[in-house]
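Biologist: I am new to this structure and would like to understand the terms used for its contacts. Could you show it to me before I ask?

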Amino acid sequence: MNPAAEVLLKVSGLKVAYGGIQAVKGIDFEVREGELVSLIGSNGAGKTTTMKAITGLLGFTAGDIQYLGRSIKGRGAWDMVRAGLAMVPEGRGVFTRMSITENLQMGAHIRDDRAEIAHDLEKVFAIFPRLKERRTQLAGTMSGGEQQMLAMGRALMSRPKVLLLDEPSMGLSPIMVDKIFEVVREVHGQGVTVLLVEQNASRALQIADRGYVMESGVITMSGPARQMLDDPKVRAAYLGE
């Protein structure tokens with residue numbers, strides 16, 4: 001991590017109620033430019049709720065979220081995408097009755113630079129050759145892993161400053177999990193700042209710069225990812241050791 005890098009995303013004292021439950025209970029974390037930060041924790045820890053608050057899909061009851069030095073309070077999800085924040089949601093959310101190419105083009109709907117969009121489409125196809133092979137196929141007929149690739153490619157088409165990934169490995173075969181983490185590493189290597197939410201703590205920390213552990217709506221641990229991988233408490237709770 002470069003400590004001099006600009007803080008792109010800063011979460012301070014964040015509290016979020018969801019369905020009448022206080023799901024997030026006053027958390028603090030930050031993501032600096034060029035980092036890959038992992039937010040790990042078991043199901044129900046409040047990770048997805050946090051992501052929805054960051055992207056403007058959920059309001060928050062206390063605290064603040066600053067993106068590029070400005071509070072996002074009151075800003076809609078569409079505004080956050082325009083500002084360079086793109087999320088690949090849990091469950092992928094692809095447009096099932098549209099083709100792969102049409103789904104990817106939807107990711108660029110905020111842009112009007114046609115030549116650059118065409119260029120980025122080819123870049124996505126280079127990252128995901130399987131999508132290129134099946135570019136005319138309807139998204140709803142693809143496997144879960146292929147849909148995850150498509151959702152990631154669609155988010156990249158918006159040229160995000162920060163890419164948010166919510167449980168990208170969930171429900172995938174071991175081979176596809178390998179591919180997805182390989183792609184996350186590759187995208188980060190191309191200079192995209194990434195916030196990765198994952199239950200698969202081992203895989204997430206292996207590719208991250210820093211990590212945060214979230215339990216029952218609070219952050220209980222944070223630090224350099226390599227140190228966290230070696231931490232006995234993390235290994236006992238999340239790595240089955």
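Biologist: What makes the contact of Arg 111 with Asp 113 a salt bridge?

Modeller: A salt bridge is a side-chain nitrogen of Lys or Arg within 4 Å of a carboxyl oxygen of Asp or Glu, and the closest N and O atoms of Arg 111 and Asp 113 are 3.2 Å apart, so the pair fits that definition. This is a predicted model, in which local features need pLDDT of at least 70 and side-chain atom pairs count only at pLDDT 80 or more, while totals for chains, interfaces and linings use all residues. Residues are numbered from 1 along each chain as its sequence is written, and side-chain values use heavy atoms, with hydrogens and water left out.

Biologist: Why is Arg 111 called buried, and what is Asp 113 called?

Modeller: Buried means under 20% relative accessible area, exposed over 50% and partly exposed in between, with a 1.4 Å probe and protein chains only. Arg 111 has 13%, so it counts as buried, whereas Asp 113, at 26%, counts as partly exposed.

Biologist: Which aromatic pair is called tilted?

Modeller: Rings of Phe, Tyr and Trp (its six-membered ring) pair if their centres lie within 6.5 Å, and planes under 30 degrees apart count as stacked, over 60 as edge-to-face and the rest as tilted. Phe 29 and Tyr 212 lie 5.5 Å centre to centre with 55° between the planes, and therefore they form a tilted pair. Both Phe 29 and Tyr 212 are buried.
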